[in-house]
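Here's a walk through the folded model, taken one region at a time. Keep the structure open beside you as you read.

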Amino acid sequence: MSIASIPVRRRALQARIGGVAVGGDAPVVVQSMTNTDTADVASTVKQVAQLWRAGSELVRLTVNNAEAAAAVPRIRDKLAMMGVEVPLIGDFHYNGHTLLTDEPAAAQALAKYRINPGNVGFGRKRDTQFATLIEFAIRYAKPVRIGANWGSLDQDLAARLMDENAQRAVPWDATAVLREALIRSALDSAQRAVELGLAPENIVLSCKVSGVQDLIAVYRDLAARCDFPLHLGLTEAGMGSKGIVASTAALAVLLQEGIGDTIRISLTPEPEESRTREVIVAQELLQTMGLRAFTPQVTACPGCGRTTSTFFQHLAKTVQEHVREQMPRWKITNPGAENLTLAVMGCIVNGPGESRHANIGISLPGTGEAPTAPVFIDGQKAATLRGENIAQEFITLIDDYVQRTYRAGTGD
């Protein structure tokens with residue numbers, strides 16, 4: 001991707017969440033969330049570690065009762081003993097003010113608090129309970145994400161804006177009013193937090209909805225009206241390809257416009273599927289857009305009547321799994337390996353050309369072609385593979401290239 005096609009990032013304040021910079025000129029950060037019972041320390045520690053190893057840079061936990069709040073410091077300590085230094089975010093709804101008051105150790109252990117202005121409190125209690133959470137953030141120097149959500153919108157605010165809308169000469173449609181209520185909920189809460197003494201650079205905002213066009217409209221408006229870092233994500237994106245496509249369609253538009261400082265892909269996991277899928281999708285979105293590099297990218301053809309053998313499909317899968325498995329080690333021993341490009345092609349039509357464009361590419365024989373597989377390294381033919389060990393020999397060429405090209409301390 002050319003430099004000219006990489007979106008210019010919107011200017012925003014910069015928050016620090018643990019050791020992670022969010023906003024300003026920092027890269028877009030990948031966030032995820034556990035789905036374990038937070039009070040189950042062992043299961044939660046295991047899942048956080050899995051998400052971190054997959055590349056999640058921030059991990060959010062549900063903190064919904066006294067047992068979950070009491071577990072937070074133990075979770076953080078066990079992760080530290082494992083060498084997993086990922087910032088933990090506490091997700092609070094309804095009773096966060098009580099939980100942090102009763103468990104101040106949790107308030108200290110968390111790197112950030114997420115507050116939903118739609119359910120932080122109701123009636124006269126709303127302002128007091130919101131203020132209590134902000135006071136804890138100030139006391140322990142913690143940033144706060146004020147996260148409004150379409151599904152838990154402040155009903156008093158929504159009703160007030162509906163009444164105001166009815167007085168307009170040309171009323172807005174109901175959806176536009178609800179979008180405005182969502183944005184106002186976040187912005188008004190942020191302003192209240194600043195009035196209470198929370199530094200503006202310690203505030204992150206989000207306004208999540210489940211529709212693609214609504215999300216784009218909300219965040220364009222929100223970005224134009226504030227300087228706070230913004231967390232992007234469809235809420236309840238869905239399962240499988242639906243969730244991936246919907247999230248990508250919405251976030252890609254916003255990211256291309258320079259909007260967004262952290263992202264989460266809120267996939268519903270398939271039964272028995274790893275929670276890490278949402279991390280991988282977020283990374284691939286940022287990497288295919290040229291915004292970040294996380295792991296070597298594998299270009300592979302889709303196959304056609306020229307490629308009746310499935311060998312190239314198996315090889316592409318093997319290569320992709322291999323480089324992702326190796327990346328945690330390469331990140332330390334071979335920094336820069338995440339920028340490696342690979343190609344696994346199935347016949348002579350585009351195979352040699354695509355292979356030459358990649359750092360390392362292989363063009364496998366299609367139907368009726370000679371049973372040889374030329375390998376190209378940095379545009380030059382470097383080897384020809386044959387026989388039963390093509391996959392292992394190609395993997396060896398990749399590993400050798402990484403060791404030779406990306407050496408710690410070389411600056412490559």
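## A helix pair

Let's begin with α9 and α10, which cross in the right-handed sense. This is a predicted model, and in it the axes of α9 (residues 240–256) and α10 (residues 277–288) come within 11 Å, with a crossing angle of roughly 35°.

Who's doing the touching? On the α9 side, the contact is made by Ile244, Thr248, Leu251, Ala252 and Leu255, and α10 answers with Arg277, Val281, Leu285 and Leu286. Sort those contact residues by type and you get seven nonpolar, one polar and one charged.

## The eight-stranded sheet

Next up is an open sheet of eight strands with parallel pairing, and its order reads β8-β7-β6-β5-β4-β3-β11-β9. At the edges stand β8 (203–208) and β9 (231–232); each has a single partner strand, so one side of each is left without a neighbour in the sheet.

Zoom in on the β9 end. Here β9 and β11 (residues 262–263) run parallel and are joined by two bridges. Across that pairing, histidine 231 sits opposite threonine 262 of β11.

Now move along to the helices that lie over the strands. Helix α5 (residues 125–139) lies across β6 (112–115) and β7 (144–149), and its direction is at about 165° to β6. β7 also has α7 (residues 174–196) lying across it, and α7 lies across β8 too, running at about 165° to β8.

## The five-stranded sheet

There's another open sheet to look at, this one with five strands in the order β13-β14-β15-β16-β17 and with mixed pairing. Its edge strands are β13 (297–300) and β17 (380–385), and each of them pairs on one side only. From one strand to the next, the twist averages 20°.

As a reminder, strands of a sheet pair through backbone hydrogen bonds, in either a parallel or an antiparallel way. For β16 (residues 373–377) and β17, the pairing is antiparallel and spans five bridges. Alanine 373 faces leucine 385 of β17 across this pair. Helix α13 (residues 390–405) packs on the sheet, where it touches β14 (341–345), β15 (360–363), β16 and β17, and its direction makes about 165° with that of β15.

The β16–β17 pair is also a hairpin, with two residues between the strands. Check out aspartate 378 in that turn: its phi is positive, at about 50°.

## The largest pocket

Finally, the largest pocket, which has a volume of about 780 Å³. Which residues are closest to its centre? Of the 26 that line the pocket, they are Arg53, Ala54, Gly55, Arg324 and Pro328.

Three elements each give two or more residues to this lining: α1 (41–54), α10 and α11 (311–333). Which one gives the most? That's α11, with nine residues. So α10 turns up again here, having already been met in its crossing with α9. By type, the lining divides into eleven charged residues, eight nonpolar and seven polar.

Terms used: Residues are numbered from 1 along each chain as its sequence is written. This is a predicted model: local features need pLDDT of at least 70, side-chain atom pairs count only at pLDDT 80 or more; totals for chains, interfaces and linings use all residues. Side-chain values use heavy atoms; hydrogens and water are left out. Axes are lines fitted to C-alpha atoms, for helices over the stretch in contact, and angles run from 0 to 180 degrees between N-to-C directions. Helices (H or I, at least four residues) and strands (E, at least two) are DSSP runs, numbered from the N terminus. A crossing is left-handed if the near helix is turned anticlockwise from the far one by less than a right angle, and right-handed if clockwise. Contact means heavy atoms within 4.5 Å. Ala, Val, Leu, Ile, Met, Phe, Trp, Tyr, Cys and Pro count as nonpolar, Asp, Glu, Lys and Arg as charged, and the others, Gly among them, as polar. On a 1 Å grid over the protein atoms alone, a cavity is a set of points where a 1.4 Å probe fits but cannot get out, and a pocket is an open set with protein on both sides within 12 Å along at least five of seven lines; lining residues have an atom within 4 Å of a point. Grid points are joined across faces, edges and corners, and a volume is the space filled by probe spheres set on the points. Two strands pair if DSSP finds at least two bridges between them.
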